[in-house]
Amino acid sequence: MTKKTEKALVIVESPAKAKTIGKYLGPGYEVRACMGHLRDLPKSSIGVDVDSDFEPDYRPIQGKEEIIRELKKAAERSSAVYLATDPDREGEAISWHLQRLLELPDDKAQRVTFNEITQKVVTESIARPRSIDQDLVDAQQARRVLDRIVGYRISPLMWKKIRRGLSAGRVQSVAARMVDDRDREIEAFEPKEYWTLDALLKNSDGAAFTVRYYGRSGKKYEPSSQEEVEALQEELRQMIFAVSSVKRADKQRSPAPPFTTSTMQQEASRRLNMTPRRTMAIAQQLYEGVDITGEGTVGLITYMRTDSLRISAEAQREARRFIDGRYGSDYRPGSYRQFRTKAGAQDAHEAIRPSNVALTPEQVKGDLTGEQYRLYRLIWSRFLASQMANAVYDSVSVEVTAGKHAFRAGASSLKFAGYTAVYEESRDEEKEEKELPLPELHEGEVVDLQSFEAGQHFTQPPAHYTEATLIRAMEEQGIGRPSTYAPTVSTILDRGYVKKDGKYLCITNLGRAVTAWMEQYFTDIADTRFTAQMEGLLDSVEEGKTAWKGVVRDFYGDFSSHLSQAEHSEYVKIPDTISEEVCPVCGRHLVEKEGRFGPFLACPGFPECSFTMPLVVQMPGRCPKCGGRLMKRTGVSQKSGKQYTYYCCEFANSRGGESACDFRTWDVPVKDDCPACGQTMFKRAGRGYKRPFCINPACSNFTPEEKRGYYKKAGTDETAEKKPAAKKSTAKRATGKKKTAGRTTAGRGARKANE
């Protein structure tokens with residue numbers, strides 16, 4: 001038996017968090033990382049004994065034997081073991097598995113959680129440990145077993161009936177259906193014509209302003225044809241226009257609440273162009289801790305998996321002190337702001353906020369990577385704005401009448417910035433028209449008609465989902481939980497059920513076929529309401545009101561009968577996606593196919609015609625050799641097997657055809673032509689702003705190849721001084737820590753993606 005020491009063992013999930021917490025606790029504690037799950041259901045089988053009341057078969061994860069041995073030794077020589085995994089269901093389950101793997105008695109296994117990793121919170125939490133919450137563990141067991149049954153029973157069927165490599169899940173199947181339903185709604189949409197009519201008027205002082213036609217006799221009316229709007233104009237030209245009302249008011253606008261997981265992912269997608277998966281990876285780094293000059297290792301934000309809008313009283317007091325110091329007391333509301341968490345939320349943690357609002361983004365910028373800084377600035381600004389006073393606008397609305405007809409206009413100007421001094425929430429679709437200023441007008445004043453401007457419009461279908469709007473829709477309908485949004489969206493993209501067209505998500509032929517098959521044979525799993533109800537049942541298990549095996553038992557009854565029906569279903573043929581590219585051999589339109597290295601184009605006349613070519617994307621510009629279209633193509637390295645991207649002429653050689661033009665380049669064609677010779681310009685591939693250059697050797701604007709690598713970040717001066725060496729090394733340390741954190745969270749993300 002190993003001799004016990006006075007040290008206590010603290011087990012966390014990642015090395016980055018271990019490093020931060022170790023500095024806070026000091027020499028009396030040994031802090032180790034378990035690197036995520038150490039025990040789970042086996043990958044080789046379903047791992048759930050359906051005939052023995054769904055008993056799970058948990059086993060140590062292959063490849064983690066050394067970590068388990070080291071933790072066992074450390075636990076044996078320690079006076080106490082603090083299980084400090086993440087403060088959510090999955091973190092509770094990891095602690096539960098650790099207790100059993102390390103054979104810890106209940107009086108030695110102490111459960112602690114950190115909503116934020118700061119010295120104050122860490123030391124307070126260690127001083128107030130608790131036992132493992134079995135209800136939380138059971139809620140996670142129910143989710144895990146349900147997802148394993150769905151995935152391991154349906155996925156093999158899909159391989160036989162549709163295509164190899166597919167998967168199904170409680171949440172991912174519903175998410176794919178939501179995209180499919182939206183796309184079908186767009187396809188079935190029939191636009192309707194309508195017209196707007198603006199009148200340009202002048203008041204008695206000669207000041208011009210524009211008003212829009214509202215309707216007649218107090219009722220709103222929109223002309224539906226050009227004939228109607230022309231008849232309306234003829235009628236109005238005979239009438240006198242007069243100002244019937246002028247209303248002025250101060251309108252107040254309240255700030256948005258602090259971030260939840262969902263709203264953070266949405267806003268990061270809109271503002272920072274970050275995918276939900278990337279957003280969560282960067283947020284994990286900010287939560288676990290970053291080396292800050294003068295502060296040491298600091299956890300910059302609170303726990304990032306939450307659906308709560310609650311803010312602690314202490315954090316609110318700190319925010320108010322900061323607002324007083326930086327902006328003045330006018331920018332602080334008279335009372336504390338409270339935001340109501342939506343019904344059905346778990347409300348287990350606070351909203352996402354900075355751990356210390358006094359650490360401004362500007363102060364820590366030099367110690368963060370670019371992505372860390374941008375996300376921290378977003379979280380910090382949103383939280384601070386949520387605790388600030390309302391913005392006040394001076395608003396004026398005018399109604400002008402001509403007989404029974406009414407025109408309206410409005411304008412507003414910012415009177416007091418309030419929270420907008422820090423942050424304004426972005427929108428998915430910026431459809432608001434700019435308001436034009438209005439001159440001084442008085443009720444009863446007669447104004448002169450100058451002209452009309454009629455505009456033809458058509459009603460628009462609902463927009464395709466983006467990653468941000470899909471996550472918002474999932475949250476609104478109660479599908480999934482904060483920890484599942486990002487991996488679910490990533491999974492339906494990785495499986496090929498959904499593809500991205502710019503920023504929009506569109507269903508693929510494969511996704512549509514899989515969704516239809518799921519709706520036919522597994523109606524419940526593909527139903528949004530059923531999935532939301534299941535989340536409610538899991539919450540009930542967490543609250544100790546429902547037995548987890550009872551939830552699984554009730555689900556499996558109908559599921560097994562649906563499974564039997566699906567086993568006798570017909571093979572599903574996936575329709576080919578027809579491209580605009582034409583086969584140079586036989587003239588048919590090429591279709592998209594899926595191969596070992598991804599999608600490619602092939603002739604549908606196979607086997608008579610075996611022509612294939614890489615899947616191409618047309619780029620701006622023209623081929624500098626023959627004037628043909630420029631294409632983006634992918635290739636596969638014979639040595640490494642990795643894909644690479646290049647750009648070439650549409651007539652470049654491809655599999656099955658002879659080369660008509662040999663132009664190829666790694667550089668990216670741009671839409672701008674050279675001002676000197678008129679040929680297409682290019683820029684270097686990669687991230688960041690790059691200066692376009694001309695590749696025509698005969699042009700006076702020609703840039704030699706050795707000078708094409710120049711680039712500068714937007715908004716910086718070419719002659720700006722370099723950063724001090726100390727800051728560069730600090731940033732590198734932060735980057736290194738980021739990679740470690742990414743590895744520890746990848747397994748959890750992949751596991752959640754299988755739902």
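**Entry 1: Arg184 and its partner**

I started with arginine 184, which comes out partly exposed at 39% relative accessibility. My scale here: buried is under 20% relative accessible area, exposed is over 50%, and partly exposed is in between, with a 1.4 Å probe and protein chains only. Note to self: this is a predicted model, so local features need pLDDT of at least 70 and side-chain atom pairs count only at pLDDT 80 or more, while totals for chains, interfaces and linings use all residues. Residues are numbered from 1 along each chain as its sequence is written, and side-chain values use heavy atoms, with hydrogens and water left out.

Which residue does arginine 184 pair with? I found a salt bridge to aspartate 180, with the closest N and O atoms 3.4 Å apart. I count a salt bridge when a side-chain nitrogen of Lys or Arg is within 4 Å of a carboxyl oxygen of Asp or Glu. Both residues sit in helix α6 (residues 172-188), and because they are four residues apart, about one helical turn separates them. Helices are DSSP runs of H or I with at least four residues, strands are runs of E with at least two, and both are numbered from the N terminus. Is aspartate 180 buried or exposed? I get 1% relative accessibility for aspartate 180, so it counts as buried, whereas arginine 184 is partly exposed.

**Entry 2: Lys120, two partners**

I then went through lysine 120, partly exposed with a relative accessible area of 42%. One salt bridge goes from lysine 120 to glutamate 124, at 3.0 Å between the closest N and O atoms. Both of these lie in helix α4 (residues 119-127), four residues apart, about one turn of the helix. Glutamate 124 is partly exposed too, at 31% relative accessibility.

I also see lysine 120 meeting the side chain of glutamate 314 in a salt bridge, 3.3 Å from N to O. How many residues lie between the two ends of this pair? They are 194 residues apart, with lysine 120 in helix α4 and glutamate 314 in helix α10 (residues 313-326), so the pair links distant parts of the chain. For glutamate 314 I have a relative accessible area of 33%, which means partly exposed.

For the whole structure my tally is 48 salt bridges. Among the linked residues, Glu30, Arg32, Glu70 and Arg77 form a network.

**Entry 3: the open sheet**

I traced an open sheet of four parallel strands in the order β2-β1-β7-β8. Which strands are at the edges? They are β2 (29-33) and β8 (109-111); each has a single partner strand, so one side of each is left without a neighbour in the sheet. The twist from one strand to the next averages 25 degrees.

I call two strands paired if DSSP finds at least two bridges between them. Strand β1 (residues 8-12) pairs with β2 in the parallel sense over five bridges. In this pair I found leucine 9 opposite glutamate 30 of β2; glutamate 30 is also one of the residues in the network noted above.

Helix α2 (residues 65-76) lies across β1, β2 and β7 (81-83), and I get about 165 degrees between the helix and β2. For the angles, axes are lines fitted to C-alpha atoms, for helices over the stretch in contact, and values run from 0 to 180 degrees between N-to-C directions. Contact means heavy atoms within 4.5 Å.

**Entry 4: backbone oddities**

I checked for positive phi outside glycine and noted methionine 35, with phi near 60 degrees. It is in the loop between β2 and β3 (39-40) and is partly exposed at 27% relative accessible area. Phenylalanine 54 has a positive phi of about 60 degrees as well. It lies in the loop between β4 (48-49) and β5 (55-56), and at 5% relative accessibility it is buried.

Then the peptide bonds: the one from phenylalanine 606 to proline 607 is cis, with omega near 10 degrees. I placed proline 607 in the loop between β22 (598-602) and β23 (612-614).

**Entry 5: cysteines**

How many disulfides are there? I count zero, taking a disulfide as a pair of cysteine sulfur atoms within 2.5 Å. Why no bond at cysteine 609? Its sulfur is 3.6 Å from the closest cysteine sulfur, in cysteine 603, so the two are too far apart for a bond. Cysteine 609 is buried, at 6% relative accessible area, and so is cysteine 506, at 11%.
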